[in-house]
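Trainee: Got a minute to go through this model with me? I'd like to talk about packing and aromatics.

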Amino acid sequence: MTKVELYKSRVFVTIIHLCALGQFAYALYFNNFGVNRSTKLEKSNARLMVPDGFQQKIRFLTYWCLIVQVFYYTVCLINDFVGTNEVAPKHLPAIRKLKDYVMAAFAFPLAVNVAVTFWSLYAIDRELVFPKVLDAVFPSWLNHIMHTNILVFIILEMFTSFREYPKRKRGITGLGIFMITYLIWIHVVKHYSGVWVYPVLEVLQLPQRIVFFVAILAFTVCLYFLGEFLNGVVWAKEIKILNRKAK
């Protein structure tokens, strides 16, 4: 069985989806409850740097991305049991259409964005994104699930589950609305709290911040094209079959 035929094994695909959903859902739970209950946190100078409650955690794109991944893999599992992973079924279930769209417009570009941006900034100066003082209270395994495993599993998903990418306009519009909403949100947070969500924004002047935000938007759109390109390469044979049946 080649890499582009793995979708034919429902058991294999379902196991991948279960593993992804299990760890991301647990990370979401632990991030909400486990970290803030830690006795280490109570005694640490980092306690003020750890968001307390959903309202505080939702400030971060990583948290938004984690919610998207949990939602996406939940949809995947539902599709595995009541939908279909076939290339060109006679009737495409609504759950499969939702799965394909969420993967293209949100799950893939956001996962790659969060992983690449976080680890790039971490390599330059970790204090800008994940200060060293947090190591004592924020488990490394949780950090890797939120910033590494999201990339690993979305790449696995790209190679193991077939999807039909939506019309480019629909996909980019959805992603653009999501990202612009988030950028507006962090400005709202700054307005009411007086503090930027990310320390890196504190060291940038207004023109630099504008360039930074534009670059983030452009980078995210490029990731949409990357996902579309990879999908076309990995599933070239299946897409040809789909296109022939559509005629």
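Mentor: Sure, let's take helix packing, then aromatic rings, then cysteines. Keep in mind that this is a predicted model.

Trainee: OK, at what angle do H4 and H7 pack?

Mentor: About 145°, and the axes of H4 (residues 61-82) and H7 (residues 168-193) are 11 Å apart. H4 passes H7 in a right-handed crossing.

Trainee: Which residues in H4 meet H7?

Mentor: Leu61, Trp64 and Val68. On the H7 side they meet Phe178, Met179, Thr181, Tyr182 and Trp185. By class, that contact has seven nonpolar residues, one polar and no charged ones.

Trainee: Which residues form an aromatic cluster with Trp64?

Mentor: Tyr101, Phe106, Phe178 and Tyr182 join Trp64 in one cluster.

Trainee: And how many aromatic pairs are there in the whole structure?

Mentor: A search finds 21. One of them is Phe118 with Trp119: the ring centres are 4.9 Å apart and the planes sit at 85°, so that pair is edge-to-face. Phe118 is buried at 8% relative accessible area, while Trp119 is partly exposed at 27%.

Mentor: Phe162 and Trp235 also make an edge-to-face pair, with 5.5 Å centre to centre and 80° between the planes.

Trainee: Where do Phe162 and Trp235 lie?

Mentor: Phe162 is in the loop between H6 and H7, and Trp235 is in the loop between H9 and H10, so the pair ties together parts 73 residues apart in sequence. Both Phe162 and Trp235 are buried.

Trainee: Switching topic: how many disulfides does the structure hold?

Mentor: Zero.

Trainee: Is Cys76 buried or exposed?

Mentor: Cys76 is buried, at 0% relative accessibility. Cys19 is partly exposed, at 41%.

Note on methods
Residues numbered from 1 in each chain as written. Predicted model: local features only at pLDDT ≥ 70, side-chain atom pairs only at ≥ 80, totals over all residues. Heavy atoms only, no water. Axes fitted to C-alpha atoms, helices over the stretch in contact; angles between N-to-C directions. Helix = DSSP H or I, 4+ residues; strand = E, 2+ residues; numbered from the N terminus. Left-handed = near helix turned anticlockwise from the far one by under 90°. Contact = heavy atoms within 4.5 Å. Nonpolar A, V, L, I, M, F, W, Y, C, P; charged D, E, K, R; others polar. Disulfide = S-S within 2.5 Å. Buried < 20%, exposed > 50% of the residue type's maximum accessible area, 1.4 Å probe, protein only. Phe/Tyr/Trp six-rings, centres within 6.5 Å; stacked < 30°, edge-to-face > 60°.
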